[in-house]
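Trainee: I am new to this structure and would like a close look at a single part. Please take me through the cavity count, and then link what you find to the rest of the chain.

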Amino acid sequence: MAGVCLAGWWLYGNLVDNLTRTRIPTDFNFLTQPTGFAIPENFGFDPDLPIWRMVLIGVQNTFLAGLVGVLLASIVGLVVGIARLSSNWLVAKLAQVFVEGFRNTPPLVVIVFFSFAVFSFGPLPVFPEALDLKLPGSDSNWLVLSKSRIGIPSLSAERHEGLFWLLVVCGVVAAAGVWVWRSRRHVRTGEPHHRVLWSLGLLVVVALVAFVALGGPYDWSWPARSENGRRLISGFGTSAAYLSLTLALALYTASHIAEVVRASILAVPKGQSEAAGALALSPFQRYRHVILPQGLRIAVPPTINQYLNLVKNTSLGTVVGYADVTNLTRTSIGNANPAPQSIAVLMGVYLVFSLVISLLLNIYNRTVQLQER
């Protein structure tokens, strides 16, 4: 520990001496300076805004790519992992091809493939000639397809949206209370808890009542292009760079999660499945109530590492021009802002992401582990 501290102190002193000698600032005051450049696909960003605002937008973009990627990777990984153990030869082989294909390909290559093969040189038209898919019997678009941007419907705030979300949070708290109540009742009486249906039903009822009582705080915003056809003026627009990055990382990570799921299922004693079969449980019921709950205890720790890798791999979006925090930081350094401090901020962002993910999933991991008595 003393050696590490001395090495860190020497490296810090060496850095400060070199920065001072080359007249590069050693503080973080540059974060309040104007950004000086526009952010792709973020038309509301003013280049005169300070750099710390740019960093927040980069964090937001990284969060969106990581969150959607984690959700897709979890779903696809679970399905493919179970499919690898299927008794159907074709299903098992297709799952194996998926796993071996993505798992043995560098994620950077997968990202570039999606960017060029699917979007840049794919069959979709350029944005000024985008394909508008309209709702039947309506002039509104439900989808706008192009090589560079894709527009989908979104919700636009109308009135009382703050109060609506406050009531939804109250509904979440009430749903959590119902979850605990149903769980304790199941332990005490042995009756089916149905806690998911009770909790989710209560949350849906609260949200619907709040929505109607407040007169509709949100309304649909359908994707539409401007008169010159150069930008989306409504709906929610996603860039090809975002889709390439998110889909590539989701499928790449899903191939690893699938192997984790397969190994976790195989680690469950075979007698558990045989006992479930003796009770006349269907294959779905065996997985739902017997195999997956036990395999989950084994799968959570290695899955945490896959989630961390996915979030950190979002930095590879630089190669396709996605405006994540790494790409924006590199551009900021290229505008003569101090590199050591900028990289320090970037490292801090990824450190916070990793620590928060580890904290939340480790808390969840402790809740699903067996408690020895």
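Mentor: The count comes to one cavity of 30 Å³ or more. Please keep in mind that this is a predicted model. The largest cavity has a volume of about 60 Å³. A word on how such a space is found: rolling a probe the size of a water molecule over the atoms shows where empty space is left.

Let's see what surrounds the space. The lining of the largest cavity is made up of Phe-30, Leu-31, Ile-51, Met-54, Val-55, Thr-329, Ser-332, Ser-342 and Val-345. Three helices, α2, α10 and α11, each supply at least two residues of that lining. The largest share comes from α2, with three residues.

Now follow α10, one of those helices. Its buried residues are Val-325, Thr-326, Asn-327, Leu-328, Thr-329 and Ser-332. Two of these names, Thr-329 and Ser-332, also appear in the cavity lining. The buried residues of α10 pack against α2 and α11, and these two helices also contribute to the lining of the cavity. After α10 comes Ala-336, which has a positive phi, near 75°.

Met-54 is a good place to step from the cavity into the core. Besides lining the cavity, Met-54 is named with Ile-39 and Tyr-322 as touching the most other members of the largest nonpolar core, which has 56 residues. At least two residues of this core come from each of α2 (51–83), α3 (89–103), α4 (107–120), β2 (141–145), α7 (240–267), α9 (283–313), α10 (325–334) and α11 (339–368). The biggest contribution is that of α7, with 12 residues. Ile-39 ties several of these places together: leaving aside neighbours within four places in sequence, Ile-39 is in contact with Phe-45, Met-54, Ile-57, Ala-323 and Leu-328. Another core, of five residues, lies apart from this one, and Val-168, Ala-210, Leu-214 and Tyr-218 are among its members.

Staying with α2 brings us to Ile-82, which is found in that helix. Ile-82 counts as partly exposed because its relative accessibility is 23%, and buried would mean under 20%. Ile-82 has partners far along the sequence. Ile-82 and Arg-262 are 180 residues apart in sequence, yet 6.4 Å apart in space, C-alpha to C-alpha. Not counting residues up to four places away in sequence, Ile-82 touches Val-261, Ile-265, Tyr-287 and Leu-292.

Compare Ser-115, which sits in helix α4. Ser-115 counts as buried because its relative accessibility is 11%, under the 20% limit. With neighbours within four places in sequence set aside, Ser-115 is in contact with Ser-120, Ser-244 and Val-320.

Next, the open counterpart of our cavity. The largest pocket has a volume of about 810 Å³. The lining of this pocket counts 20 residues, and the closest to its centre are Trp-179, His-193, Arg-195, Arg-288 and Pro-293. Two or more lining residues are given by each of α5 (161–189), α6 (195–213), α9 and α11. Here α9 gives the most, with five residues. Notice that α11 takes part in lining both the cavity and the pocket.

Finally, the wider setting. The chain has 11 helices and eight strands, and its C-alpha atoms fill a box of roughly 75 × 70 × 45 Å along the principal axes. Of its 373 residues, 35% are buried. Among contacts with a separation of 6 or more, 67% join residues 24 or more positions apart. The domain assignment gives domain 1 (46–153 + 222–324 + 368–373) and domain 2 (156–216), and the centres of the two are 28 Å apart, taken over C-alpha atoms.

As for disulfides, a search of the whole structure finds zero. Among the cysteines, Cys-5 has a relative accessible area of 47% and is therefore partly exposed. Cys-170, at 45%, is partly exposed too.

Conventions:
Residues numbered from 1 in each chain as written. Predicted model: local features only at pLDDT ≥ 70, side-chain atom pairs only at ≥ 80, totals over all residues. Heavy atoms only, no water. Disulfide = S-S within 2.5 Å. Buried < 20%, exposed > 50% of the residue type's maximum accessible area, 1.4 Å probe, protein only. Domains from an automatic or database assignment. Core = buried A, V, L, I, M, F, W, Y, C linked by side-chain atoms within 4.5 Å. Helix = DSSP H or I, 4+ residues; strand = E, 2+ residues; numbered from the N terminus. Contact = heavy atoms within 4.5 Å. 1 Å grid on protein atoms, 1.4 Å probe; cavity = no way out; pocket = protein on both sides within 12 Å on 5 of 7 lines; lining within 4 Å. Points joined across faces, edges and corners; volume = space filled by probe spheres on them.
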